[in-house]
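Hi,

Here is the structure I said I would pass on. Have a look at it first, and then read on for what turned up when I went through it.

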Amino acid sequence: MAAYVFARQIWEKPDSVLGFAIGSTPVGMYRCLIDMYNGGMVDFSQVTTFNIDEYYPMSKVSPQSRDSYMWENLFSHINVRRERVYLPNGGAADPQRACDEYEKLLIDRGGIDLQLLGIGRNGHIAFIEPGESMRVNMHVIDLTEDTIKANARFFESADHVPRRALTMGIGSIMNAGRVLMLASGTAKAPVVKQMFSGVITPCVPASMLRLHPDVVVLMDEDAASLL
């Protein structure tokens, strides 16, 4: 279903700007998109892509980078044009300047038509962590211990997880034409319930999506078990 949402976006607007995310949950969607491409159902040659975040510091050739993940799980299997693929620069000497340049690229390309999101156990979207306030634009953020522990499975240990990240701000996400969120597993059930029924607060960043006019949330029965 998630792959169909992305395919329909491309059918309706072949030069769409697509916002992608990484993690274990989207892998199945990416596989379906590859199958649809191989079957001649969808053409990625005119799309532009932006990824929503990246660890800092992080070399793009590292196995844990967004760059490696996206090319391994999607880009190298479809006809997306390399010059239309944008990912945050986790190896930049000046990370905030890299964020500002990335934000400008996004604005120059007209913003995101369809943004993919996951949801963290603490309610974070992208790497926008819970707090009393949220920044609007792309920025550098300190990761919480909950996020570090949750992502330790992608590294040798939690000690190897970077403590900072580059992330889109809430403004870039809220300005997307449509948002598609994926959630799976019982571990996400409590925060999914908060997102839908709790107060709208920066302390649960995902709750802010209730202010967006066009959000689709796809989840399995386990993630939805507390609704």
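**Leucine 166 and its neighbours**

Leucine 166 sits in strand E7. Before going further, bear in mind that this is a predicted model. With a relative accessible area of 1%, leucine 166 is buried. Its contacts, leaving aside residues up to four places away in sequence, are Ile52, Asp53, Glu54, Tyr56, Pro88, Asn89, Gly90, Pro95, Cys99, Met138, His139 and Val140. One of those deserves a closer look: cysteine 99 is 67 residues away from leucine 166 along the chain, yet their C-alpha atoms are separated by 6.8 Å.

**Helix H4**

Cysteine 99 leads us to H4, where it is among the buried residues, together with Pro95, Ala98, Tyr102, Glu103 and Leu106. How are these arranged around the axis? They cover an arc of only 140 degrees, which puts them on the same side of H4. Turn to the other side and you find Arg97, Lys104 and Ile107 exposed. The buried residues of H4 are covered by, among others, strands E2 (48-51), E3 (53-56), E4 (85-86), E6 (139-142) and E7 (164-167), as well as helix H6 (170-174).

I also checked the length of H4. The helix has 14 residues (95-108), and at 1.5 Å a residue these should span 20 Å; the end C-alpha atoms are 20 Å apart, so the two agree. Just after H4 comes glycine 110, with a positive phi of about 90 degrees.

**Helix H3**

Helix H3 (residues 66-73) is largely enclosed by the rest of the structure, because seven of its eight residues are buried. Those buried residues are Arg66, Asp67, Ser68, Tyr69, Met70, Trp71 and Asn73. What lies over them includes strand E1 (17-20) and helix H2 (27-38), along with E2, E3 and E4.

In the loop between E3 and H3 you will find proline 57. The peptide bond that joins tyrosine 56 to proline 57 is cis, with omega near -5 degrees. That one is worth a look on screen, since most peptide bonds are trans.

**Helix H6 and alanine 126**

Isoleucine 173 belongs to helix H6, and its relative accessible area of 0% makes it buried. Not counting residues up to four places away in sequence, isoleucine 173 touches Ile52, Leu117, Ile125, Ala126, Ile128, Val179, Leu209 and His212. Isoleucine 173 is also 9.3 Å from asparagine 137, C-alpha to C-alpha, with the two positions 36 residues apart in sequence.

Alanine 126, one of the residues that isoleucine 173 touches, is in the loop between E5 and E6. Is alanine 126 buried or exposed? At 11% relative accessibility it counts as buried, the cut-off being 20%. Its phi is near 50 degrees, a positive value in a residue other than glycine. Most residues other than glycine have a negative phi.

**Helix H1**

At the start of the chain, helix H1 (residues 2-12) has Ala2, Ala3, Val5, Phe6, Ala7, Gln9 and Ile10 buried. The cover over these residues includes E1, H2 and E5, plus strands E8 (178-183) and E9 (215-219).

**Pockets**

The largest pocket holds about 630 Å³ of space. It is lined by 30 residues, and closest to its centre are Ile119, Gly120, His124, Arg153 and Lys188. By type, the lining divides into 14 nonpolar, ten polar and six charged residues. Strand E5 (114-117) and helix H5 (145-151) each supply at least two residues of that lining, and H5 gives the most, with four.

The second largest pocket has a volume of about 270 Å³. Of the 13 residues that line it, Lys60, Asp67, Val85, Leu87 and Pro88 lie nearest its centre. Two of these names have come up already: Asp67 is one of the buried residues of H3, and Pro88 is in contact with leucine 166. The lining of this second pocket is made up of five nonpolar, four polar and four charged residues.

That is what I have for now; over to you.

Definitions and conventions:
Residues are numbered from 1 along each chain as its sequence is written. This is a predicted model: local features need pLDDT of at least 70, side-chain atom pairs count only at pLDDT 80 or more; totals for chains, interfaces and linings use all residues. Side-chain values use heavy atoms; hydrogens and water are left out. On a 1 Å grid over the protein atoms alone, a cavity is a set of points where a 1.4 Å probe fits but cannot get out, and a pocket is an open set with protein on both sides within 12 Å along at least five of seven lines; lining residues have an atom within 4 Å of a point. Grid points are joined across faces, edges and corners, and a volume is the space filled by probe spheres set on the points. Ala, Val, Leu, Ile, Met, Phe, Trp, Tyr, Cys and Pro count as nonpolar, Asp, Glu, Lys and Arg as charged, and the others, Gly among them, as polar. The expected span of a helix is 1.5 Å times one less than its number of residues. Buried means under 20% relative accessible area, exposed over 50%, partly exposed in between (1.4 Å probe, protein chains only). The arc is that of the directions from the helix axis to the C-beta atoms. Contact means heavy atoms within 4.5 Å.
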